[in-house]
Amino acid sequence: MTVTIALFTRDLRVRDNPVLTAAHREGAAVVPLFVLDDAILSGRFAAPNRAGFLTAALAELDAELRAIGGRLVLRRGDVVAEVDRVAGQVHARSVHIAADVSGYSQRRERALRERLARRNCLLHTHTASITSTDPEALMPATGRDHFAVFTPYFRRWSMTHRRKPLGKPRELRLPRVESLPLPDADDLCAGPASPRLAVGGESAGRKLMREWLSGPIEDYARLSDDLGADATSRLSPYLHFGCVSPVELVHGVNLSTEGGLAFARQLAWRDFHHQLLAARPAAAWSDYRDRSIRWSDDPQAVDAWRDGRTGYPIVDAGMRQLRAEGWMPGRARLISASFLTKSLRVDWRVGAEHFLRWLVDADLANNQLNWQWVAGTGTDTRPNRVLNPLRQAERYDAEGAYARRWIPELAHLPGARVHRPWREQVDPADYPAPIIDVVGM
């Protein structure tokens, strides 16, 4: 009996999963395997929010697999060693895995290929699983190994042919193999999680996707940056863990509408950053473009920024939402990141690490390269761009609804007056005075 292994990583779904589909087509029996990676769980990427989301997604993946005759096989330890051990136990002919772009993922793939080759077991990688396109398929005509500017990338991305979404296997056959029990979040990462954390899993992600595509997406171009409207999809955590397929999502978007095209641009930005990191893995922690910026060392200012007590409500509202939900809208991310790197002149890596601690959707490609874009060390063609928090508030929270939602001590201030509490005799003991002056105070 031919046995294959479907190794899940950031593709925790049964629908439109090239890894599971290919393993099922090749093997008479399939081992759906997930390895709790000690290298990640003991490192800087461990975070209670992502642990909570992950455990819910794994439990649902197990339930989905059981519904078609299988179950999730869970192991913990070194990924290469554990996959090799399972392959030996079931005499697997091949292992299937989604292609990924980080330096760690690339090293893991090479090590897996070499280890499995010793037992004549093949490793097959599948593109367009974590992203909607193969990161290496879109290359500029200049001969460079990646696009460094988004606009020409988006033109190519928009014209790219994509595979059709796949269904889920009708039935799986599982060989005899042992598994660890499904973990609780505390088993993976101790520490406080956000109290309003979204629930992970394929069914929650698909429900959210259906609701988004059924109507709200049409207002995306008009309302996506309106912080008070809360009009974004909130699909990013489900894309990060692969509970929702990026290929299926792109296929569901009507690019002929203004809202659909605007939303597609955001999906393209996600793919853009993945292709950049695939070509430049060091950009996860090193400046993509060295601009010789002299960063400031100001621990008190950083603490105020982290705690949402900078004295600028539009900044603080975003940072408090981050703590409460493990998520924040894109506009709020830009404002808070610009304030840290351009107004306070603090190294972008400090902010990126804080976001990695709290954001459910934080991965290296999108989190780190968005931070670099804002900081001026990334791909922004206007690296000296500064987002003035007061002007941003006037434009994207004109009536102050977002600020009042997340800063209850200022809820009594009407309209736009909430954005300048220092003019309203607010007691600094209740809400702090601005930690720095900006233009327009």
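**Close-up 1. The second largest cavity has a mixed lining of three nonpolar, one polar and three charged residues.** This view, like the others, comes from a predicted model. The volume of the second largest cavity is about 40 Å³. Its lining consists of Ser338, Lys342, Trp373, Val374, Asp380, Arg385 and Leu387. Two helices, α15 (330–343) and α17, each give at least two residues to this lining.

**Close-up 2. The largest cavity holds about 50 Å³.** In total, the structure has three cavities of 30 Å³ or more. Around the largest cavity sit Ala99, Asp100, Val101, Thr127 and Ala128, among others. Ser129, Ile130, Thr131, Pro135 and His274 also line the largest cavity. Sorted by class, its lining has five nonpolar, four polar and one charged residues. Empty space of this kind is found by rolling a probe the size of a water molecule over the atoms.

**Close-up 3. Helices α12 and α17 cross at roughly 95 degrees.** Their axes come within 9 Å. The crossing angle makes α12 roughly perpendicular to α17. From α12, the contact uses Trp269, Arg270, His273, His274, Leu276 and Leu277. From α17, it uses Leu364, Ala365, Asn366, Leu369, Asn370 and Trp373. Seven nonpolar, four polar and one charged residues make up the contact of α12 with α17. Two residues shown here have appeared before: His274 lines the largest cavity, and Trp373 lines the second largest cavity.

**Close-up 4. Helix α6 meets helix α12 at roughly 110 degrees.** The axes of α6 (residues 150–159) and α12 (residues 258–279) come within 10 Å. The two helices are therefore roughly perpendicular to each other. On the α6 side, Phe150, Tyr153, Phe154 and Trp157 make the contact. On the α12 side, the residues are Leu261, Ala264, Arg265, Leu267, Ala268, Trp269, Asp271, Phe272 and Gln275. The contact of α6 with α12 counts 10 nonpolar residues, one polar and two charged. Trp269 of α12 takes part here, and Trp269 also belongs to the contact of α12 with α17.

**Close-up 5. Five strands form an open sheet in the order β3-β2-β1-β4-β5.** The pairing is parallel. At the edges lie β3 (73–77) and β5 (122–126), each pairing on one side only. From one strand to the next, the twist averages 30 degrees. Strands of a sheet pair through backbone hydrogen bonds, either parallel or antiparallel.

**Close-up 6. Strands β1 and β4 run parallel, joined by four bridges.** Strand β1 covers residues 3–8, and strand β4 covers residues 94–98. Ile5 has Val95 of β4 as its bridge partner. Helix α5 (residues 103–117) packs on the sheet. The strands touched by α5 are β1, β2, β4 and β5. The direction of α5 makes about 150 degrees with that of β5.

**Close-up 7. Helix α4 lies across four strands of the sheet: β1, β2, β3 and β4.** This helix spans residues 79–90. Helix α4 runs at about 155 degrees to β2 (29–37).

**Close-up 8. The second largest pocket offers about 950 Å³ of space.** Its lining has 42 residues. Nearest the centre of this pocket are Arg10, Ile40, Phe45, Tyr104 and His240. Seven elements, β1, β2, α2 (38–41), α3 (48–67), α5, α12 and α17 (364–375), each supply at least two lining residues. Helix α5 gives the largest share, five residues. By class, the lining of the second largest pocket splits into 28 nonpolar, six polar and eight charged residues. Several of these elements appear in the earlier views. Helix α5 also packs on the sheet, and α12 crosses α17 at roughly 95 degrees.

Note on methods
Residues are numbered from 1 along each chain as its sequence is written. This is a predicted model: local features need pLDDT of at least 70, side-chain atom pairs count only at pLDDT 80 or more; totals for chains, interfaces and linings use all residues. Side-chain values use heavy atoms; hydrogens and water are left out. Axes are lines fitted to C-alpha atoms, for helices over the stretch in contact, and angles run from 0 to 180 degrees between N-to-C directions. Angles under 35 degrees count as roughly parallel, over 145 as roughly antiparallel, 65 to 115 as roughly perpendicular and the rest as oblique. Contact means heavy atoms within 4.5 Å. Ala, Val, Leu, Ile, Met, Phe, Trp, Tyr, Cys and Pro count as nonpolar, Asp, Glu, Lys and Arg as charged, and the others, Gly among them, as polar. Two strands pair if DSSP finds at least two bridges between them. On a 1 Å grid over the protein atoms alone, a cavity is a set of points where a 1.4 Å probe fits but cannot get out, and a pocket is an open set with protein on both sides within 12 Å along at least five of seven lines; lining residues have an atom within 4 Å of a point. Grid points are joined across faces, edges and corners, and a volume is the space filled by probe spheres set on the points.
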